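Me: I am new to this structure and should be grateful for a close look at a single part of it. Please work through the matter in one connected answer.

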Amino acid sequence: MTYLTKPKFHHPELPKNALGYTHRDYEGSISTLCAGCGHDSISAAIIEACFELSIAPHRVAKLSGIGCSSKTPAYFLGNSHGFNSVHGRMPSVLTGANLANRELIYLGVSGDGDSASIGLGQFAHALRRGVNMVYIVENNGVYGLTKGQFSATADRGSKSKRGAINTDGSLDLVALALQLGATYVARSFSGDKTQLVPLIKAAIEHQGAAFIDVISPCVAFNNHAGSTKSFDHMREHNMAVNRLDFITGRAPITVDYAPGSVEIVEQHDGSKLVLRKVAPHYDPHDRLKAMTYLQESDAAGEIVTGLLYVDREPEDLHAHLDTVATPLNALGEQELCPGSAALEKINAGLR
Ligand SMILES: Cc1ncc(C[n+]2csc(CCOP(=O)(O)OP(=O)(O)O)c2C)c(N)n1
Ligand code: SF4
Ligand SMILES: [Mg+2]
């Protein structure tokens with residue numbers, strides 16, 4: 001069975017957000033994933049983030065590819081726009097949708113197979129173009145849906161459930177995202193909601209290409225000893241560089257933060273990222289140092305999590321292309337087809 005609707009009844013006194021919506025208004029159908037799958041925790045974090053930000057569900061477009069991870073948009077934001085694309089092709093569909101209507105919030109949900117194996121080219125181009133989106137990879141190191149083959153993020157030397165050793169080198173999507181020019185890069189763990197929810201909230205408000213790699217153990221095929229994407233391995237090797245609080249432009253800062261250990265990063269829309277530094281010398285605004293730090297931690301066997309890089313002045317694809325402020329899908333025929341005289345002028349300018 002792949003689709004189970006949730007009953008609409010709920011407790012009349014559920015907490016409501018500024019729009020008068022409850023958590024239930026951000027849920028989707030009942031998940032058919034394996035009990036304990038990390039992906040369900042990520043869906044819960046997305047629901048929590050959208051509820052806390054009081055996002056109108058019709059303002060969100062969620063897009064995915066193929067895989068257990070790519071099935072998850074059915075299980076959250078049931079009142080939002082959704083598009084389940086072909087395996088590895090979510091980024092190009094998202095790019096096209098974003099170009100047509102810049103006013104929606106674009107949420108791309110993918111797997112490590114979907115983005116690091118078949119869809120690696122698509123992943124790379126969406127990030128290098130700076131598409132304004134939140135791109136989440138639910139990273140379990142395997143193709144969960146097709147029963148546990150190693151994906152391109154599986155570490156060399158890690159062991160499959162049946163004992164095979166992975167002899168291929170692995171891709172680190174965070175390192176790639178930094179190299180490709182993503183303006184917001186983070187890593188988290190599906191089992192750490194306290195870290196993940198604010199990371200998603202800040203990524204939603206970020207006006208550029210935001211990428212979050214979420215280690216999300218596959219309990220059916222990759223949660224055994226010898227796996228480097230299991231719950232146990234993640235708990236033992238997780239090294240958070242910072243803790244993020246997120247404050248929208250509308251909300252005043254009411255909490256006192258200890259000076260020295262905290263940095264407040266203001267974004268263009270007035271929202272603020274409050275970064276509590278766990279690793280005191282980590283600088284999330286230095287792309288090169290972030291890349292070096294990642295490599296050093298990787299060599300030491302640590303999995304770095306937190307907000308790894310943020311550009312205070314991000315630019316997105318629309319800024320690069322200098323498109324009009326009105327969404328293209330809202331322009332009339334006259335504006336989209338200005339006639340042969342205008343075309344002649346453009347052609348003349350190119351001769
Ligand atoms: C073009 C194409 N090739 C192969 C497949 C088979 N297939 C379906 S899902 C999948 C891998 C999914 O892995 P991942 O993206 O990591 O998602 P997970 O199930 O682990 O969450 C593959 C190879 C397919 N559906 N389409
Ligand atoms: S096979 Fe793995 S990834 Fe797929 S639902 Fe089950 S636990 Fe999750
Ligand atoms: Mg996977």
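Is Asp 322 buried or exposed, and what is its relative accessible area? Please begin there, and then turn to the magnesium ion (ligand 3) and the residues that coordinate it.

Reply: The model is a predicted one, and the values below are computed from it. Asp 322 is exposed, because its relative accessible area is 68% and the term applies over 50%. This residue belongs to the loop that joins α10 (317-321) and α11 (333-336). Its phi is near 55°, a positive value in a residue other than glycine. Most residues other than glycine have a negative phi. Ser 54 also has a positive phi, near 50°, and is found in the loop between α1 (38-52) and β1 (60-64).

The metal site comes next. Three residues coordinate the magnesium ion (ligand 3): Asp 112 through OD, Asn 140 through OD1 and Val 142 through its O atom, at 2.1 to 2.2 Å. Along the chain, these donors follow the spacing D-x27-N-x1-V. Distant parts of the chain are linked here, since Asp 112 is in helix α4 (residues 112-117) while Asn 140 is in the loop between β4 (133-139) and β5 (142-143), 28 residues apart.

The accessibility of two of these residues can be set beside that of Asp 322. Asp 112 has a relative accessible area of 2% and is therefore buried, the term being used for values under 20%. Asn 140 is buried as well, with a relative accessible area of 5%.

Asp 112 also leads to ligand 1. One of its polar side-chain atoms lies 3.0 Å from an oxygen atom of ligand 1. Backbone atoms take part in further polar contacts: an oxygen atom of ligand 1 is 2.8 Å from a polar backbone atom of Gly 144, and an oxygen atom of ligand 1 is 2.9 Å from a polar backbone atom of Leu 145. In total, 17 residues surround ligand 1, and the closest are Cys 68, Ser 69, Gly 113, Asp 114 and Gly 144.

To return to the starting point, Asp 322 is exposed at 68%, whereas Asp 112, which coordinates the magnesium ion (ligand 3), is buried at 2%.

Key
Residues numbered from 1 in each chain as written. Chains lettered and ligands numbered in written order. Predicted model: local features only at pLDDT ≥ 70, side-chain atom pairs only at ≥ 80, totals over all residues. Heavy atoms only, no water. Donors = N, O, S within 2.8 Å, 3.2 Å for Na, K, Ca; no water. Helix = DSSP H or I, 4+ residues; strand = E, 2+ residues; numbered from the N terminus. Buried < 20%, exposed > 50% of the residue type's maximum accessible area, 1.4 Å probe, protein only. Near = heavy atom within 4 Å. Polar contact = N/O pair within 3.5 Å; in protein donor to acceptor, adjacent residues only side chain to side chain.
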